[in-house]
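Me: I am new to reading protein models and would love a close look at one part of this one. Could you take it slowly and explain the terms as you go?

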Amino acid sequence: MSFNETDVQSALKNLIDPNTKKDFVSGKSVKNVKVSGADVTLEILLGYPAKSVWDEIRAMVEAHLKGALQGVGKVSVTVSSKVVPHAVQRGVKLVEGVKNIIAVASGKGGVGKSTTAVNLALALAAEGARVGVLDADIYGPSQPTMLGISGQPKSVDGKSLEPMTNHGLQAMSIGFMIDGDDTPMVWRGPMVTQALDQLLHQTRWDNLDYLVVDLPPGTGDIQLTLAQKVPVTGAVIVTTPQDIALMDARKGLKMFEKVGIKIVGIVENMSTHICSKCGHEEHIFGAGGGEKMCADYNVEFLGGLPLDIRIREQADSGNPTVVADPDGTIAKVYKQIARRIAVKVADMAQDHSAAFPKIVVQNT
Amino acid sequence: MLEIVFSDDVSYQLPYEYLRVYSPSADVSGHGPGQEVLQVGKKNVGITSLIPVGSYAVQINFDDGHDTGLYTWGYLYKLGKNQAALWQDYLDRLAAAGASREPRP
């Protein structure tokens, strides 16, 4: 029995991508289908970075086609990823060299935003994406320490800064510009927002798929500047399970809603404590807080991370968990969260432009 | 006249004067209900530019120098939907204050 390209396409309509939960055809992933005789070749182009699952997807597609098409000969599938840039309103200035901006935020301080941000950035990079980290916490920059970067950024043209690099990430932080670990930035709001604007726009980001912005806690100057001045693709809210943190996380979420930034989802940090002596797992800050918040606001629960001494030690030493122990269980959780974020961001990039009203000025 | 079409295909035509006197800026709306400042003599006001603000609003720069109002999509929708009532309310308030839409000579 013979078949053609259309048969291959319709066979793939019944195969669901386990990451996007959509079939490959409506996800627009199927490219270059060619049938010659009984042999089939095609490409699967994923909209999210997923190096670790390329083989899995290739095997899945090949097996599916062998089952669906009668008399099929050789099936060869190539899988690759291409992150699409986020669509924006006309007139909004894009950040040069950046396809998507993901803000990592929380209402409350000390819930592990920076640790989560750096590990998620590293996890996205491990999946094959080009990733940068912008430390938007002007008063308390942590990324230089967590990424193990010291020294000052260089400027080639005297106007812009080259991002610092380590662990395959590009990074920029006010922390690179100041001397010593104990120099405070004693600045009022306008200075801080100006500094953020410069770090963002005057860094020569090199062809990034994702720029992860590590925001300071709160709902003030920095957050508002980011929301108004740059096209943020989506925001990830980090919280811990106890009520007092959730209260502020809710405000953080509402702030993004107010300024029209979509919420990618919620990450619950310090979900459980695992005893380093006996391995006993306990919900010391309460259970199910993050999930409940997700249910209340109808956003995705991206995942929960344990309160594990290694996460803290590794981040403090400049080798965050995802690079220090890339195959460990904690790194796996970060990678899973990162993949969920990437899939969601790819979705958002496609249907974003429709959200803006059209405005026409008529001079009468 | 500013024409705005929303994603649900509803469209409104909003005159510049109407937008100007209902600016959401604190100069016009105050910091809460009851603090509104009546705008007068804006009949011939024009728009010099529109600046997008993030993904949630537009900043309208008027030719009388007023530029501090950030019109969110929701606010513009409200202005469109209740245009007749809000405009009449403005005219009533003008009359009550003995003021005019005409610019002062």
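Which residue forms a salt bridge with Arg20(B), and how far apart are the closest N and O atoms?

Reply: Happy to help! A note before we start: this is a predicted model, in which local features need pLDDT of at least 70 and side-chain atom pairs count only at pLDDT 80 or more, while totals for chains, interfaces and linings use all residues. Residues are numbered from 1 along each chain as its sequence is written, chains are lettered from A and ligands numbered from 1 in the order in which they are written, and side-chain values use heavy atoms, with hydrogens and water left out.

The partner of Arg20(B) is Asp64(B), and the closest N and O atoms of this salt bridge are 2.7 Å apart. (A salt bridge here is a side-chain nitrogen of Lys or Arg within 4 Å of a carboxyl oxygen of Asp or Glu.) The two residues come from distant parts of the chain, 44 residues apart: Arg20(B) sits in helix α1 (residues 16-21) of chain B, and Asp64(B) in the loop between β4 (57-62) and β5 (70-72) of chain B. Helices (H or I, at least four residues) and strands (E, at least two) are DSSP runs, numbered from the N terminus. Arg20(B) is buried, at 6% relative accessible area, whereas Asp64(B) is partly exposed at 32%. Buried means under 20% relative accessible area, exposed over 50%, and partly exposed in between, using a 1.4 Å probe and protein chains only.

Let us put that pair in context. Over all chains, the structure holds 19 salt bridges. Glu127(A) and Arg339(A) form one of them, with their closest N and O atoms 3.1 Å apart. This pair also links distant parts of its chain, 212 residues apart: Glu127(A) is in the loop between α3 (113-126) and β5 (131-135) of chain A, and Arg339(A) is in helix α11 (residues 329-350) of chain A. Glu127(A) is buried at 3% relative accessible area, and Arg339(A) is buried at 16%.

For another pair, look at helix α7 (residues 243-258) of chain A, where Glu257(A) and Lys254(A) lie 3 residues apart, about one turn of the helix. Their side chains meet in a salt bridge at 3.3 Å, N to O. Glu257(A) is partly exposed at 41%, and Lys254(A) is partly exposed at 40%.

Now for the places where parts meet. Chain A is divided into domain 1 (5-81) and domain 2 (98-354), with bounds from an automatic or database domain assignment. Across the interface of these two domains of chain A there is 1 salt bridge. Asp347(A) and Lys22(A) meet in a salt bridge at 3.2 Å, N to O.

Finally, how does chain B touch chain A? In this interface, 21 residues of chain A are in contact with 20 residues of chain B, where contact means heavy atoms within 4.5 Å. The two chains bury about 1700 Å² between them, 55% of it on carbon and sulfur atoms. That buried area is the accessible area (1.4 Å probe) that two parts lose on being put together, summed over both. Between chain A and chain B there are 0 salt bridges. On the side of chain A that touches chain B, α6 (221-229) and β14 (358-361) of chain A each supply at least two residues. The largest share, 4 residues, comes from β14(A).
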